[in-house]
Amino acid sequence: MKDLVDKIAALEKISKQLEPSVKDRNDLNREAQMFANSFLENLESYSAYNNQPPKFETLSLQKTPKTFSELLATFNSEVVLKGIKPASGKHLGYVPGGGIYTAAIADFLAGVTNEYAGMYYASPGAVTIENELLNWMKDVFGFPSSAVGNLTSGGSIANLIALTAARDKHKIKNEKITKSVIYVSPQVHHCIHKALRIIGLEDVQIRFLELDENYKIITSNLIKYIEKDVLNNLNPFMVIASAGTTDTGAVDPLLEIGNIAKQYNLWYHVDGAYGGFFMLLAHKKHLFKGIHMADSLVVDPHKGLFLPYGLGAVLVKDKEAVFHSHHYTANYMQDAKGDLQINPSDVSPELTKHFRGLRLWLPLQLHGLKPFIASLEEKILLTTYFRNNLKQLGFALGPEPDLTVSYFWYPSKKVNQNEFNQKLLAFIHAHGDVFLSSTKINDKFVIRMAILSVRTKKKTIDSAVEMIAFCLKQTNEYFSTLS
């Protein structure tokens, strides 16, 4: 027995290294705070994009421990200063996560306390906070209090939960799969297709609907497709609309689609991961008329509410459809029976669940909603400002966007336009001061803007315009030397 006690004591001495003392914690916190302050104070001066790869040998795990100072230096040089800077206001390429500071503080507190937000029994406070946030979203989007929801890691898992509920509500399985039909826009986010594969619906029939000149679903064609499929003894069961597409920023005609879904008994899903929270703006509410008719809705607070990456949300009206897939019991969890609230683990694939809701609850409580709404309005105006400046530079523009995603291209007369704009974007990426991305619209190569970072300001757009003008000159010179 003495040998056993001695061995435990020896191991305890070594394992204590994982529990820093108060002094050590203060030192670590001080260094981390200095790093965070330096990063934020210098963020505007950093290029938004650096295409240099990291030094893999520097990031590989070593047998000997390193100091925190050494690791922070490595983190800065090989992670922070490489690739895209999602925290930067100059990230205008993909829809960015804003990364407000108070949300980072919330993540720190959630990590230190290690609250388990999967079961009410384990952490009634954490689960109550997450459910209260979902209740707030139900009010925003006009969902009934009986709807269930979940705070997910992002839009992909949120869409997965919603589509699984639709599958189970309409009992799409076995031989019924190949005869079932889903109606989507060609602009639907690719995570929808990924989710269908994951949940066993890869072989359903997908109808890509025609779009109008503003890239919105033409609802008259939707009716024609449904009626034709019914005549052909197929099983139409779901239609998916977008409240803000990632390519063009379009909001589909939600009310019209909702009425059609109701008429033909289709599950109506709305993907508002990017655009949903623009409904908070009074002058944009008309775009979202009918969103309350959805059977399921996805929104991403890490987009429209400027949080760090890792917080999406799903609302579903049919609780039983969600529970069918996700509610399971186990003997070792018998103490949790009879919980007073819906457990997040019963409406999601996740059992182990980080307390991610704190990153939204804390900022909303500290700041109130007003600055979030003001920032959304600012992004709308900056999108118009950017487009006006691009037009003055001679660029062609996509249609007026509903929200803050748009696209443009230079209508070169001397060379192939796709080739010209590909080269232009290459120069923009090499410059790196402001990050923009590209997409293809009807086989045309175009450059995208996605203005949603909390730190994007008028001077950011001015810098972007200056960079684009410089790179346009480079591109013209490049093709002049070839002719």
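Select Val405 to begin: this residue stands opposite Ala450 in strand E13. The model on display is predicted, and the tour sets out from this pair of residues.

**The open sheet**

Extend the selection to the strands around the starting point. Strand E11 (residues 405-409) and E13 pair in the antiparallel sense, over four bridges. Show the neighbouring strands as well, and an open sheet of four strands appears, in the order E10-E11-E13-E12, with antiparallel pairing. Strand E10 (396-397) and strand E12 (437-441) are the edge strands, each pairing on one side only.

Go next to the E10 edge. Two bridges hold E10 and E11 in an antiparallel pair. Select Leu397 to see one partnership there: its bridge partner in E11 is Phe408.

Now cross to the other edge. E12 and E13 run antiparallel and are joined by five bridges. Select Thr439, whose bridge partner in E13 is Val446. These two strands form a hairpin with two residues between them, and in it Asn442 takes a positive phi near 50°.

While E12 is selected, colour its residues by face. Ser437, Thr439 and Ile441 make up the covered face, whereas Ser438 and Lys440 make up the uncovered one. How many of the seven residues of E13 are buried? Six of them are, so E13 is largely enclosed by the rest of the structure.

**The helix across the sheet**

Display helix H15 (residues 417-431), which lies across E11, E12 and E13. H15 runs at about 35° to strand E13 (444-450).

Then select Thr475, a residue of helix H16 (residues 458-482). Is Thr475 buried or exposed? Thr475 counts as buried because its relative accessibility is 0%, the cut-off for burial being under 20%. Beyond its neighbours within four places in sequence, Thr475 is in contact with Phe420, Lys423, Leu424 and Phe427.

**Leu376 and its surroundings**

Move to helix H14 (residues 370-392) and pick out Leu376. This leucine is also buried, at 0% relative accessibility. Which residues does Leu376 touch, not counting those up to four places away in sequence? They are Phe277, Phe278, Leu280, Leu281, Gly304, Phe306 and Leu452. Add Thr404 to the view: the C-alpha atoms of Leu376 and Thr404 are 9.2 Å apart, although 28 residues separate the two along the chain.

Select helix H13 (residues 358-367) next. Its buried residues are Leu358, Arg359, Leu360, Leu362, Pro363 and Leu364. These buried residues pack against H5, helix H6 (124-141), helix H11 (301-304) and H14. Just after H13, stop at Gly368, where phi is positive, at about 75°.

**Salt bridges**

A search of the whole structure finds 19 salt bridges; several can be visited in turn. Select Lys90 and Asp433, which form a salt bridge with their closest N and O atoms 2.8 Å apart. Lys90 lies in the loop between strand E2 (83-84) and H5, and Asp433 in the loop between H15 and E12, so the pair ties together parts that are 343 residues apart in sequence. Both Lys90 and Asp433 are buried.

Turn to Asp318 and Lys169, whose side chains meet in a salt bridge of 3.0 Å, N to O. Asp318 sits in the loop between strand E9 (312-316) and helix H12 (319-326), and Lys169 belongs to helix H7 (residues 155-169), so this pair links parts that are 149 residues apart in sequence. Asp318 is buried, with a relative accessible area of 19%, whereas Lys169 counts as partly exposed at 44%. Select Lys23, Asp27 and Arg30 afterwards: salt bridges that share partners join them into one network.

Another salt bridge joins the side chains of Lys82 and Glu78, at 3.1 Å, N to O. Lys82 counts as buried at 16% relative accessibility, and Glu78 is buried with a relative accessible area of 7%.

**A nonpolar patch on the surface**

For the last stop, switch to a surface view. Leu40, Tyr101, Ile105, Phe108, Leu109 and Val112 make a nonpolar surface patch of about 510 Å². Which helix gives the most to the nonpolar patch? Helix H5 (residues 101-113) does, with five residues. Leu40, by contrast, is placed in helix H2 (residues 22-42). Leu40 is partly exposed, with a relative accessible area of 30%.

Definitions and conventions:
Residues numbered from 1 in each chain as written. Predicted model: local features only at pLDDT ≥ 70, side-chain atom pairs only at ≥ 80, totals over all residues. Heavy atoms only, no water. Patch = residues over 30% accessible without salt bridge, like charges linked within 9 Å, V, L, I, M, F, W, Y side chains within 5 Å. Areas by Shrake-Rupley, 256 points an atom, 1.4 Å probe, with all protein chains shown as cover. Salt bridge = Lys/Arg side-chain N within 4 Å of Asp/Glu carboxyl O. Buried < 20%, exposed > 50% of the residue type's maximum accessible area, 1.4 Å probe, protein only. Pairing = 2+ DSSP bridges. Contact = heavy atoms within 4.5 Å. Axes fitted to C-alpha atoms, helices over the stretch in contact; angles between N-to-C directions.
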